[in-house]
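Biologist: Please choose a single part of this model and look at it closely, explaining what it packs against and how it takes its place in the rest of the chain. I would rather have one connected account than a list.

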Amino acid sequence: MPSARSATPRLDNAASFPRLAREYRTLSAMVWIYCHDLHGEDDGPCEECRSLLGYAARRIDRCVFGDDKPTCAHCTVHCYNAAMREHVRAVMRYAGPRMLRRHPVLAIAHLIDGRRPAPALPDAISARKSCAPLTTNTSPGPS
Ligand code: SF4
Ligand SMILES: [Zn+2]
């Protein structure tokens with residue numbers, strides 16, 4: 001019987017890809033804040049938000065920058081499709097200002113990550129780049 005291959009092998013190997021794993025934890029926390037507050041869920045993200053998380057996990061896992069990835073807000077590539085990009089922007093707009101209070105360690109790490117410039121890409125990839133940056137506001141705000 002063939003063994004099932006993980007859809008997110010790098011995220012499943014956090015010891016080798018700690019930056020990717022932390023990025024996913026940060027996004028998960030933001031999605032949960034957003035879904036809990038705006039979708040009224042108490043037992044975990046709703047189906048729509050789970051779908052976003054699954055999609056984002058696969059994008060983060062396959063990020064062309066690997067464990068040197070910048071924050072997606074400062075990416076020079078942008079690999080999300082338009083609908084998911086809009087959804088994750090809404091999540092970031094809402095949850096970003098609430099992260100410092102609810103998840104201070106992740107929020108500060110994300111702010112530090114946001115200062116890292118995107119690494120250079122191979123020419124073939126940079127020739128295809130097209131992106132509008134996501135905006136993440138992690139300044140403290142009302143909850
Ligand atoms: S948007 Fe950019 S940084 Fe984020 S996962 Fe896609 S390629 Fe990587
Ligand atoms: Zn939701």
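Modeller: In what follows, two residues are in contact if their C-beta atoms, placed from the backbone, lie within 7 Å. The model is predicted, and the part I have chosen is helix 4, which runs over residues 104-113.

Within helix 4, the buried residues are Leu106, Ala107 and His110. Because they cover an arc of only 100 degrees around the axis, these residues lie on the same side of helix 4. This can be set beside the general geometry: an α-helix has 3.6 residues a turn, so residues three or four places apart point the same way. The other side of helix 4 carries Pro104, Val105 and Ile112, which are exposed. As for the buried side, its cover includes helix 1 (18-38) and helix 3 (82-102).

Of these partners, helix 1 deserves a fuller description. Helix 1 is made of 21 residues, and from its first C-alpha to its last it reaches 30 Å, close to the 30 Å expected at 1.5 Å a residue. Its buried residues include Leu20, Leu27, Met30, Val31 and Tyr34, along with Glu23 and Thr26. The buried residues of helix 1 pack against helix 4, and also against helix 2 and helix 3. After helix 1 comes Gly40, whose phi is positive, near 70 degrees.

These contacts can be placed within the largest nonpolar core, which has 24 residues, and in which Met30, Val31, Tyr34, Val91 and Ala95 touch the most other members. Helix 4 supplies at least two residues of this core, as do helix 1, helix 2 (47-61) and helix 3, while helix 1 gives the most, with nine residues. Tyr34 illustrates the packing: leaving aside residues up to four places away in sequence, Tyr34 touches Val91, Tyr94 and Ala95. As a general tendency, nonpolar side chains in soluble globular proteins are buried together.

Seen from the whole protein chain, helix 4 belongs to a secondary structure of five helices and zero strands. Buried residues make up 27% of the 143 residues in the protein chain. Among contacts between residues at least 6 apart in sequence, 79% join residues at least 24 apart.

Note on methods. Residues are numbered from 1 along each chain as its sequence is written. Chains are lettered from A and ligands numbered from 1 in the order in which they are written. This is a predicted model: local features need pLDDT of at least 70, side-chain atom pairs count only at pLDDT 80 or more; totals for chains, interfaces and linings use all residues. A residue is buried if 20 or more other C-beta atoms lie within 10 Å of its own, exposed if 12 or fewer, and partly exposed in between; C-beta atoms are placed from the backbone. Helices (H or I, at least four residues) and strands (E, at least two) are DSSP runs, numbered from the N terminus. The arc is that of the directions from the helix axis to the C-beta atoms. A nonpolar core is a set of buried Ala, Val, Leu, Ile, Met, Phe, Trp, Tyr and Cys residues joined through C-beta atoms within 7 Å. The expected span of a helix is 1.5 Å times one less than its number of residues.
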